[in-house]
Structure formats: C-alpha cells, structure tokens
Amino acid sequence: MRKYRAVILLSAYGNSPFIKLQVESILKQLTSDDLLVIADDGSKMVPWEEIPIPKNSNYVYFSRLKNLGTKKSFLDMLFEFKKYGYYYFFSDQDDIWYDNKIREQISKMTLDEVCWSFHSIDVIDSDGKYLYTLEPISPLSKIHYFFETPQAGMTFCLNYRCIDVILEFEELFSDKNLLHDQIIASILLLFKEPIIIKESYAAYRIHGNNQTGIKSKHWLDRIKNISFKEISKFIKDSNERFSFFELVKQKNSVDINFLTTRTRTKIFDEIIFKLAFLYYKINTIFS
C-alpha cells in the first residue's frame, strides 16, 4: 500500500559542502505525507552530523558497502521504494530546491495514466550567485530528446505508473553507460510525452566538484568550440542510445518508428541523427 504523496530520493557521495543547504531546502516543504530518502553511495564521507533532520520527519538514511555510481544509485533507490509513494523526485546533493517545487510540480501532474514532468532551473555558482536560467528543450522533439536528456534529472517528477513502465526494462540497464535521467527520459518518451514546465523550481549549482556539468542546449552554442574529445563522446553516447533502443524494441513491441522518421524536429537535429544512425549501423556490421 502506498503511504506517501511524494518520495524524494537523494544520492549522496563524498563530503559535500552544500548538502546541508540542499536538505534544508527540501525539509522546508516536506509534509507528514512525504518521505525523504538519503543514500550514501559507498563513499563513507557524507557529513551526516551536518544534516538537520527533525526527529518527527519521515526519512530514511542508509549506506552501501560499495559505490554504485550515479545511474545505479538512483535506480536502486527508485526500485527499492517503488511501492511507497504516488510521486517520485530525484535530488542532487549540491543544489537548492525552491519552497514550492514539490507542491507546484505535483499540482500539474495526474495519476490516472503514465505522467512525468520537468521544469526550468536557475543556474548558480558555488557562492549561490545567479548565473542564468536554463529552460527544458523546446519545442518538443523526440529525435532531439534522443541525443540529449531534455533536462537535468533533479527537475524530474514521475508518478508511480512511470515506475511500473521503467521496471519492465530493468534488466537492460546494467550494460549501458547512460545515466539514470537519460534512461528514464528515453523509456518514458516512448509511452508518454512529458509535461514541460517553464517556471524554475530549483537552482542547479555549478562548482568544481560537479559530477556532471550543465550548459546551453542550443546547437550553435554547442558547436562553436567543439573539440575532438566532445565529438568522440557524442559518438559513443549516440551508439549507447541506439543500442539501448534496439534492446527496448526486442523487449517490448512499443512503437519506436520516430528513430528513423521525421517527427517535428529542426532540420539540423534530423541531419545529425541520420549521420549518427548510419555510423551506428556501419559500426555494428563491422564490429
């Protein structure tokens, strides 16, 4: 039986100087119907004594014996607590949630079918200074989403029906290098288009110890100073996604025709997609 309105999953690692602020920003908006789960992903360095959890709060702390990494850490928590809540959120340890994030995001959701959403974020520096606002990729383009996760995972909200869909493909995750938000977005997009929220409900912190960076998603900005290393990473990531989608197709008869046909996308994205798909097919044949 589902007991909680919202389940917030926070994967902690290392001795973060920002985790106290992040947890405080979440606690401000928690109700007795919500659950906060914090996992130390094997680092044994999380400053638990600095995290201010009131005794009457609903929370779970646990440590792992080994480091699972970003993808497996979040997915492990998601599957562990899959029957606890109606809505699920992912939290990084370095960011700040605005007071209305949980309430406002849930208010735009529904429970009668698969439903997921993400929102804009304000990007800040290590001192909390505002830098710029990053909106989700828009207009919606399935091919564009194939190349880039539409928004950072810390903006996602999934209803429990999404978890049921993701669980169908659990066995496919282990061999892929895709991150948890890439996997989730790729799968859910096959079943339901997301709710795109233009308002900012959180601040994403850029600092020297970021596990993953975040930057402008406009293709002109991305290719201005592109390096060979970035091209190699793009090819590798694209191959990972093509391979993953082929596994999904084998597992489920869901329609993935958008991978080879035009679907409301800018011509640049379609050209790059076709070239990447051709490279993948040639590489598959000769590997």
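# Notebook: looking through a predicted model

**Overall picture.** I began with burial, and I noted that buried residues make up 50% of the 287 residues in the protein. I kept in mind from the start that this is a predicted model. I then looked up the secondary structure and found nine helices and nine strands in the protein. For the surface, I wrote down an accessible area of about 14,300 Å², of which 53% belongs to carbon and sulfur atoms. I also looked at how far apart in sequence the contacting residues are: of the contacts with a separation of 6 or more, 78% are between residues 24 or more positions apart.

**Helix α1.** I next asked which residues of helix α1, residues 19-27, are buried. The list I copied out is Ile 19, Gln 22, Val 23, Ser 25, Ile 26 and Leu 27. I followed these buried residues to their partners, and they pack against four strands that I entered by name, β1 (4-12), β2 (34-40), β4 (85-91) and β5 (96-97).

In the helix α1 I also looked at Lys 20 and Glu 24, whose side chains meet in a salt bridge with an N to O distance of 2.7 Å. Why do these two sit about one helical turn from each other? I reasoned that Lys 20 and Glu 24 are four residues apart in helix α1, so about one helical turn separates them. I added a general reminder for myself: an α-helix has 3.6 residues a turn, so residues three or four places apart point the same way. I checked the exposure of both partners as well: Lys 20 counts as partly exposed because its relative accessibility is 34%, and Glu 24 is likewise partly exposed, with a relative accessible area of 25%.

**Other salt bridges.** How many salt bridges does a search of the whole structure find? I recorded six.

I looked up Lys 198 and Glu 135, whose side chains meet in a salt bridge at 3.5 Å, N to O. This pair links distant parts of the chain, since Lys 198 lies in strand β9 (residues 195-205), while Glu 135 lies in the loop between β7 (130-134) and α4 (142-147), 63 residues apart. I noted that Lys 198 is partly exposed at 39% relative accessibility, and that Glu 135 is partly exposed with a relative accessible area of 42%. Elsewhere I found that salt bridges that share partners join Arg 103, Glu 104 and Lys 108 into one network.

Within that group I looked at one pair, Glu 104 and Lys 108, whose side chains meet in a salt bridge at 3.6 Å, N to O. Glu 104 counts as partly exposed at 25% relative accessibility, and Lys 108 counts as partly exposed at 31%.

**Helices α5 and α6.** I turned to helix packing, with the general point that two packed helices are described by the angle between their axes and the distance between the axes. For helix α5 (residues 160-167) and helix α6 (residues 180-191), I wrote down an angle of about 105 degrees and axes 10 Å apart. Angles of 65 to 115 degrees count as roughly perpendicular, and therefore I described α5 as roughly perpendicular to α6. Which residues make the contact? On the α5 side I listed Cys 162, Val 165 and Ile 166, and on the α6 side Ile 184, Ile 187, Leu 188 and Phe 191. Sorted by class, the contact of α5 with α6 has seven nonpolar residues, no polar residues and no charged residues.

**Three single residues.** I looked up Ser 16 and placed it in the loop between β1 and α1. Is Ser 16 buried or exposed? I entered Ser 16 as buried, because its relative accessible area is 5%. Leaving aside neighbours within four places in sequence, Ser 16 is in contact with Pro 47, Gln 93 and Asp 94. I also noted that Ser 16 and Val 46 are 30 residues apart in sequence and 7.0 Å apart in space, C-alpha to C-alpha.

Ala 39 is in strand β2, and I recorded it as buried at 0% relative accessibility. The C-alpha atoms of Ala 39 and Tyr 13 are separated by 8.3 Å, with their positions 26 residues apart along the chain.

My last entry is Lys 192, in the loop between α6 and β9, which is partly exposed with a relative accessible area of 31%. Leaving aside neighbours within four places in sequence, Lys 192 is in contact with Glu 113, Val 114 and Trp 116. Lys 192 and Cys 115 are 77 residues apart in sequence and 7.0 Å apart in space, C-alpha to C-alpha.

Definitions and conventions:
Residues are numbered from 1 along each chain as its sequence is written. This is a predicted model: local features need pLDDT of at least 70, side-chain atom pairs count only at pLDDT 80 or more; totals for chains, interfaces and linings use all residues. Side-chain values use heavy atoms; hydrogens and water are left out. Axes are lines fitted to C-alpha atoms, for helices over the stretch in contact, and angles run from 0 to 180 degrees between N-to-C directions. Angles under 35 degrees count as roughly parallel, over 145 as roughly antiparallel, 65 to 115 as roughly perpendicular and the rest as oblique. Contact means heavy atoms within 4.5 Å. Ala, Val, Leu, Ile, Met, Phe, Trp, Tyr, Cys and Pro count as nonpolar, Asp, Glu, Lys and Arg as charged, and the others, Gly among them, as polar. Buried means under 20% relative accessible area, exposed over 50%, partly exposed in between (1.4 Å probe, protein chains only). A salt bridge is a side-chain nitrogen of Lys or Arg within 4 Å of a carboxyl oxygen of Asp or Glu. Accessible areas come from the Shrake-Rupley method with a 1.4 Å probe; for residues, only the protein chains shown count as cover.
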